[in-house]
Amino acid sequence: MTTESAPKAGERRSSILRSQYFGGILAIVLLLVVNLIKDPGYLSIGYNSANGALVGNVIDILRAAAPVMMIAVGMCLVIATSGIDLSVGSVMVVAGAVSMEFLSTAPDTVGSALLALGLALGLSLLLGLFNGFLVSVVGLQPFISTLVMMMAGRGVAKVVTGGQNTAASNGAFRWIANGYVFGLPVVFLLALLVVVLVAVLVRRSALGLMIEAIGMDPTAARLAGVNRRGLLMAVYSISGIMAGIAGVFATASVMTVDVSKTGDQMEMDAILAVVIGGTSLAGGKFNIAGATIGALLIATLDKTVVFLGISSSATPAFKAIVIVVLCLLQSKRVREAFLRRKSAVAAPQKEKEVVA
Amino acid sequence: MSTAKPASTPVVELRGAVVELPGGHRALDRVDLEIRAGEIHALMGQNGAGKSTVVRALAGVWPLTAGTMCLDGAPVHVRSPKASRAAGIATVFQDAQLLPHLTVAENVMLGREPRGRWGIDWGATRRHAHELLTELGLEDLDVGQRLARLPVATRQLVAIARAMVDEPRVVLLDEPTAGLQQVDVDRLFAVLRRMRDKGVAIVFISHFLEQVFAISDRITVLRDGAKAGEIAVGDLDRVELISMMLGADLPTLQQLASQRAQHSEVVEGVPLLRAEGIGRANAVRPTDLALHGGEIVGLAGLRGSGRTELARLLTGHDRADQGRLFLSGAALRLRGPRQGMLHGLVLSSERRNDGGIIRGLSVRDNLILSLQALRGWNRPIPTKEREGIITWALRAFGLGEHVLRRPVDELSGGEQQKVALARLFVTRPRVLVLDEPTRGCDIPAKVDIQRLIATLAGEGGTILVISSELDELVRLADRIVVLKDRGKIGEISNGPGVSVDTLVELIAASD
């Protein structure tokens with residue numbers, strides 16, 4: 001499109017400002033500024049020569065963001081098909097339980113760490129496939145199917161560990177969540193790698209187009225020849241695997257699975273991250289970069305709450321306020337009202353063009 | 001046909017009306033329009049001429065950028081659909097916005113339900129809805145029926161009944177007759193005349209010239225957003241109006257017909273697609289049909305004759321519960337549209353907004369979606385090939401490159417239809433079944449689409465066309481299969497002796 005390249009540069013700048021997840025970036029910056037005001041040294045990053053690690057609050061945030069990034073990206077794809085996956089938190093605990101239970105009796109070798117990883121991800125894939133089966137083949141509502149899995153998953157985890165909070169020790173497995181490469185936490189680099197892989201998979205193949213088509217109009221997509229069943233299976237499986245990775249991240253950092261706490265309410269964080277990232281819950285267009293930024297914001301928020309010393313009982317309320325404000329900023333109406341105020345010129349109408 | 005009464009004052013008037021869309025496109029350019037009580041006023045013009053824009057402006061969907069709107073001679077600001085309704089203007093849009101899962105009564109009375117002591121009085125709601133429908137000549141309709149179960153034609157009438165709830169002074173009808181059978185059109189017109197005689201002003205958009213002549217008192221012709229003229233139907237020089245609408249396209253149509261006449265020949269050998277006693281309970285009686293390579297076969301019949309249902313059986317959209325299909329002589333079982341498409345049996349649905357194009361996706365994505373879906377998600381179409389396909393589709397269907405990135409629902413009806421067809425053409429189907437391919441299109445768009453159908457057949461493609469416009473079938477088809485009451489009643493080879501009357505007689509005679 002040579003004709004379009006001319007106005008692109010200017011357009012691009014305004015498109016970043018306008019992009020759905022700009023609010024998310026802004027919120028992260030604001031939270032960091034708040035923290036900076038409380039402690040001017042908040043953003044300082046030190047270097048620990050003993051283990052070659054950068055240390056600092058920002059590094060902590062990145063580390064904490066890794067599990068949320070995983071489930072948010074999986075959730076993003078599911079939501080784009082106009083579905084939802086409530087089971088991600090439970091899949092996390094299953095993955096954690098399986099790996100801990102295996103490692104508690106296995107020798108402390110890299111091989112057993114890999115085996116534990118394989119077991120965890122394999123089981124997560126199966127759970128995701130089962131979600132996909134319920135949604136696409138049986139035809140249950142995504143909400144119900146994954147709600148069932150949400151409840152069953154935690155039960156499965158308890159059965160696996162015999163109701164105990166199993167702990168294990170394995171250097172290699174521990175390294176996944178606590179190691180450093182190039183001074184950065186391995187867990188964050190892995191998460192980033194997975195996000196990029198998924199994004200490339202979805203956008204370079206036609207998967208993204210198919211997902212959007214199904215999310216926008218399932219009937220028309222089916223009549224256009226889109227294989228809805230296979231696609232939904234794939235999407236829920238991806239979400240399952242991503243939750244499995246998140247579960248490994250979450251348990252490897254403490255090398256303990258807490259069957260009632262690990263992954264608890266994480267599905268909410270994932271949904272919020274997706275919404276903050278500008279993907280509509282109605283399905284259709286999705287934004288993986290946005291979901292990633294949403295996940296980073298949630299991690300920043302969690303750390304900020306702790307840093308500001310807000311009492312733990314008030315934490316959920318504080319989180320809710322930030323998110324409500326963010327959603328307000330993203331709402332089209334609020335934006336238009338804001339723009340109209342800023343300039344006398346009428347806000348651009350997002351109404352349909354030329355249907356004469 | 002009553003002549004206009006110029007003495008009556010206009011109920012609604014537009015003076016120098018301008019509608020500018022975001023992006024600076026001027027959809028309406030200084031248009032003057034007078035709508036008088038007790039008059040049916042038709043808006044004519046090609047796709048994109050501004051007919052629907054006028055309706056949207058009056059309905060408050062797209063407020064005027066400049067110019068004035070007057071109500072009973074006094075300027076008013078209609079900036080929202082609500083304001084428009086309050087001014088006594090009711091609108092029935094092109095794709096009637098109804099709720100398919102609600103009943104007829106609920107749809108008609110939505111938001112206007114009579115209330116009693118305990119909330120909505122459902123008995124009164126149903127009664128009132130029934131009264132309104134009775135006025136439309138639909139007293140036989142069960143108001144408790146869910147809308148989704150009714151044929152399109154009936155839904156359109158329900159939409160009009162819905163507009164009448166507020167007893168409006170002006171009713172705007174954007175293509176109310178698209179896809180309606182003559183019987184339904186007549187019924188609708190009877191109602192419109194009754195409304196007119198009561199003093200309601202009616203604005204009417206239709207692409208069917210004869211309908212406009214039959215119903216309207218006054219015609220405003222629009223071209224490129226501006227007013228090209230206003231004529232009282234009594235003074236109308238038809239030839240002038242028609243030639244203005246057809247422009248240079250009339251010879252093309254004639255040429256097309258003669259080409260097809262030459263092409264028409266007796267086909268022999270193994271048919272490409274053969275149906276043997278194919279049928280489905282309550283939809284199609286067992287039917288035999290054979291389609292040969294490079295042939296255009298027309299499927300004539302009234303709405304409800306089983307033509308759409310037969311098309312769906314042939315392409316796997318519905319499963320046949322009896323009979324067999326043979327593709328190039330080999331037996332074939334279809335379990336869904338995707339399978340049909342993989343065998344090259346492709347259906348273009350009659351309702352493009354319901355299973356056709358995907359609203360919200362860009363034109364570009366819509367164009368390649370089907371092809372991509374058939375190849376599988378893991379084999380993305382290479383950029384070069386994709387651009388080639390898109391360029392071809394744009395050129396073949398006469399669409400401008402500027403439409404590519406826009407969501408398809410922003411295009412005009414005719415353009416949407418072209419996209420809906422183009423996305424199927426690019427899959428290179430072996431048998432293309434087109435259900436009402438030119439519905440809601442203006443004449444140039446119709447000509448384009450008919451020309452493409454002829455070209456595809458010329459290249460060896462096989463096409464089954466369903467059309468309510470019998471002259472379209474006579475012009476295009478090599479053979480015409482006539483359906484009636486869910487079954488095939490005859491088949492004629494097209495030729496010089498075959499005309500619309502032949503088909504009408506065939507449909508009428510076999511009772």
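These exercises work through a predicted model, with a solution after each task.

**Exercise 1. Strand 21 of chain B**

Task: Determine which residues lie on each side of strand 21 of chain B, and whether they are buried or exposed.

Solution:
- Start with the extent. Strand 21 of chain B covers residues 479-484.
- Recall the general pattern. Side chains in a regular strand alternate between the two faces of the sheet.
- Sort the residues. R479(B), V481(B) and L483(B) sit on one side. I480(B), V482(B) and K484(B) sit on the other.
- Apply the cut-off. A residue is buried if 20 or more other C-beta atoms lie within 10 Å of its own.
- Conclude. Six of the six residues are buried, and both faces are covered.

**Exercise 2. The neighbours of strand 21**

Task: Find the strands that pair with strand 21 of chain B, and give the sense of each pairing.

Solution:
- Take strand 15 of chain B, residues 296-300. Its pairing with strand 21 of chain B is parallel and runs over four bridges. Here V481(B) is the bridge partner of L299(B).
- Take strand 22 of chain B, residues 487-493. Its pairing with strand 21 of chain B is antiparallel, over six bridges. Here E491(B) stands opposite V481(B).
- Check the turn. The hairpin of strands 21 and 22 of chain B has two residues between the strands. D485(B) takes a positive phi near 45° in this hairpin.

**Exercise 3. F213(B)**

Task: Locate F213(B) and classify its exposure.

Solution:
- Locate the residue. F213(B) belongs to helix 7 of chain B, residues 209-215.
- Count neighbours. F213(B) has 15 C-beta neighbours inside 10 Å, so it counts as partly exposed.
- Add a distance. T91(B) is 122 residues from F213(B) in sequence, and their C-alpha atoms are 22 Å apart.

**Exercise 4. Domain contacts**

Task: Describe the contact between domains 2 and 3 of chain B, then the contact between domains 1 and 2 of chain A.

Solution:
- Set the bounds in chain B. Domain 2 is 250-344 + 430-511, and domain 3 is 351-428.
- Count residues. Domain 2 of chain B gives twelve, and domain 3 of chain B gives twelve.
- Find the main source on the domain 2 side. Helix 15 of chain B gives the most, with five residues.
- Classify that side. It has nine nonpolar, one polar and two charged residues.
- Turn to chain A. Domain 1 is 63-307 and domain 2 is 309-338. Their centres are 25 Å apart, taken over C-alpha atoms.
- Count again. Domain 1 of chain A gives four residues and domain 2 of chain A gives seven.
- Classify the domain 1 side of chain A. It has four nonpolar, no polar and no charged residues.

Technical notes: Residues numbered from 1 in each chain as written. Chains lettered and ligands numbered in written order. Predicted model: local features only at pLDDT ≥ 70, side-chain atom pairs only at ≥ 80, totals over all residues. Domains from an automatic or database assignment. Contact = placed C-beta atoms within 7 Å. Nonpolar A, V, L, I, M, F, W, Y, C, P; charged D, E, K, R; others polar. Buried ≥ 20, exposed ≤ 12 C-beta atoms within 10 Å, placed from the backbone. Pairing = 2+ DSSP bridges.
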